[in-house]
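The following exercises introduce a protein structure through short tasks, each with a worked solution. Please study the sequence and the model before attempting them.

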Amino acid sequence: MSFTRRQILTGLAGLGVVGLAGSGARYWLGRPADITTHDYELIAAPLDVELVPGHVTPAWAYGGQAPGLELRGRQGDWLRVRFINNLPEPTTIHWHGIRLPLEMDGVPYVSQLPVLPGEFFDYRFQLHDAGSFWYHPHTSSAAQLGRGLVGPLIVEEREPSGFRHERTLNLKSWHVDKQGAFTKFSVPREAARGGTPGVLSTVNGTHAPTLDLPAGQVVRLRLLNLDNTLTYRLNLPDSEARIYALDGHPVAPMPLGKEYWLGPGMRIDLALKVPEAGTELSLRNGPLRLATLRSVAHDEVAGDWPPALPANPVAEPDLQRAETLRFNFEWAGTLSTDAAQGGAYTFWQINGEAWDINDKTCADRPIATLKKDGHYIFELRNLSQYQHPIHLHGMTFKVISSNRRKIDPWFTDTYLLGKNETARIALVADNPGVWMFHCHVIDHMETGLMAAIEVV
Ligand code: C2O
Ligand code: CU
């Protein structure tokens, strides 16, 4: 697989672009004047796409694509992205799962000021971990992610892995009607339950595509759940597939099994042994087909299972001396006092507190303060009837136990906390800052299920 260090965007790549009439400046052309300052120039701007055949959807795109341009870097290297906001409203970029300094984390009023229309911001950080990560705004999230501002960030292993072939599959279910027009990204009665689901399932922006894979080869499939709401119950019947990494971090290879639940924000790297040419496999969400994987003749000698991927340099928490902190996630079910005046709804709480998405001072009241380099166990209790993919910024944690399932510990940035489940995760607080700790069902996050954790 080849990777050019400097990939500069030149033109209207990606999805079909239709009917730009009446749309003001929509350009992606932008070559860095001084190409020593950054590796990518990434533009966010409106882009009309054709999700429903024959109809226009007024999406918002990164780098002329929705889902966004795939950014690639190599473990140990720096990633330098000049981000240009050509949207009609402020935004930021958060690099989901990447361990980086707070100033690069993309949370408005915590990491940086929002990037206003017409402005740019230079994101620069070192890539400590290899794996499948992603990026998205942290402002007006239900609408901005809903309109398509989600994209993959792939960090290649420092030394070549045993995979010669790979594909990235970006999963997203769009909130559109039969004419491709956007419907509401969040409605209160859904936000108070499982979150507001989209209806048009897509892989890389296309509904139920057919993807060609090389017969006889082992292909790395990077599956990224970039959806606002849906937990995909992934399955690939009649296939030989093994799990190599979860949420970016390597695991001892194991069979995919019957079904893997991939919550919003989560990723899974599979190795698929592609069957003989002419075979079709069905990648599914429960009983629903997401994509057809079609095997096509290929002349390389058949591939074998690659060795396990090398572990990332994440600090190992010492459970003996770790301090335990408890976090309860619960349904609050009240309207905040200003909801009637157009303020935020509050349906969810962490330890009795709800984050107010409109209050810029929330991060000044962290829910917990950790000592730098201290070892911690978080006990996560879900007191509700809905599952919550719990995500922490800035640090990677290890899942160590659950009262609902057998846990073979793994490192991650997002844990799908089941209904009424209590799980324990552990980490070393090695990154100073104020870090968001929230549910990745976007309208849960925007109706209270978010907090800040401080490391000093
Ligand atoms: Cu993908 Cu605050 O998260
Ligand atoms: Cu949630």
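The structure is a predicted model. The exercises begin with a single loop residue and widen from there.

**Exercise 1. Determine whether Asp373 is buried, partly exposed or exposed, and describe its backbone.**

Solution. Step one: the relative accessible area of Asp373 is 42%. Step two: partly exposed covers values between the 20% limit for buried and the 50% limit for exposed, so Asp373 is partly exposed. Step three: Asp373 is found in the loop between strands E22 and E23. Step four: its phi is near 70°, a positive value in a residue other than glycine. For comparison, most residues other than glycine have a negative phi.

**Exercise 2. Describe the location, backbone and exposure of Asn351.**

Solution. Step one: Asn351 lies in the loop between strand E21 (346-350) and E22. Step two: Asn351 is not a glycine, yet its phi is positive, at about 45°. Step three: its relative accessibility is 33%, so Asn351 counts as partly exposed.

**Exercise 3. Identify the residues joined by a cis peptide bond and place the proline in the chain.**

Solution. Step one: the bond joins Ala66 and Pro67, with omega at about -5°. Step two: Pro67 belongs to the loop between strand E2 (57-62) and strand E3 (71-74). As a general rule, most peptide bonds are trans.

**Exercise 4. State which residues are the protein donors of the copper ion (ligand 2), and where His388 and His444 lie in the chain.**

Solution. Step one: the donors are His388 through ND1, Cys439 through SG and His444 through ND1, at 2.0 to 2.1 Å from the ion. Step two: their spacing in sequence is H-x50-C-x4-H. Step three: His388 is in strand E24 (residues 388-392) and His444 is in helix H3 (residues 442-445), so that the pair, 56 residues apart, links distant parts of the chain. Step four: His388 has 0% relative accessibility and therefore counts as buried. His444 likewise has 0% relative accessibility and counts as buried.

**Exercise 5. Give the order of the five strands in the open sheet that contains E24, and describe how E24 pairs with E29.**

Solution. Step one: the order is E22-E30-E29-E24-E27, with mixed pairing. Step two: strand E22 (368-370) and strand E27 (414-417) are the edge strands, each pairing on one side only. Step three: from one strand to the next, the twist averages 20°. Step four: E24 and strand E29 (residues 433-439) run antiparallel and are joined by three bridges. Step five: the bridge partner of His391 in E29 is His438.

**Exercise 6. Find the strand that holds Asn382 and the residues that Asn382 touches.**

Solution. Step one: Asn382 is in strand E23 (residues 375-382). Step two: its relative accessible area is 3%, so Asn382 is buried. Step three: beyond four places in sequence, Asn382 touches Phe329, Gln387, His388, Leu417, Gly418, Lys419, Asn420 and Glu421. One of these residues, His388, is also a copper donor. Step four: Asn382 and Ala423 are 41 residues apart in sequence, and their C-alpha atoms are 8.7 Å apart.

**Exercise 7. Explain why strand E4 is described as largely enclosed, and describe its pairing.**

Solution. Step one: seven of the eight residues of E4 (residues 78-85) are buried, so the strand is largely enclosed by the rest of the structure. Step two: strand E1 (residues 40-49) pairs with E4 in the parallel sense over five bridges, and Glu41 stands opposite Arg82 in E4. Step three: strand E6 (residues 120-126) pairs with E4 in the antiparallel sense over seven bridges, and Trp78 stands opposite Gln126 in E6.

**Exercise 8. Summarise the whole chain and the confidence of the model.**

Solution. Step one: the chain has three helices and 30 strands. Step two: of its 456 residues, 58% count as buried. Step three: among contacts between residues at least 6 apart in sequence, 74% join residues at least 24 apart. Step four: the accessible surface is about 18,100 Å², of which 52% belongs to carbon and sulfur atoms. Step five: the mean pLDDT is 90, and 89% of the residues reach 70 or more. Step six: over residues 1-33, pLDDT stays under 50.

Technical notes: Residues are numbered from 1 along each chain as its sequence is written. Chains are lettered from A and ligands numbered from 1 in the order in which they are written. This is a predicted model: local features need pLDDT of at least 70, side-chain atom pairs count only at pLDDT 80 or more; totals for chains, interfaces and linings use all residues. Side-chain values use heavy atoms; hydrogens and water are left out. Donors are N, O and S atoms within 2.8 Å of the metal (3.2 Å for Na, K and Ca); water is not among the atoms, so sites may look incomplete. Helices (H or I, at least four residues) and strands (E, at least two) are DSSP runs, numbered from the N terminus. Buried means under 20% relative accessible area, exposed over 50%, partly exposed in between (1.4 Å probe, protein chains only). Contact means heavy atoms within 4.5 Å. Accessible areas come from the Shrake-Rupley method with a 1.4 Å probe; for residues, only the protein chains shown count as cover. Two strands pair if DSSP finds at least two bridges between them. Axes are lines fitted to C-alpha atoms, for helices over the stretch in contact, and angles run from 0 to 180 degrees between N-to-C directions. pLDDT is the predictor's confidence in each residue, from 0 to 100.
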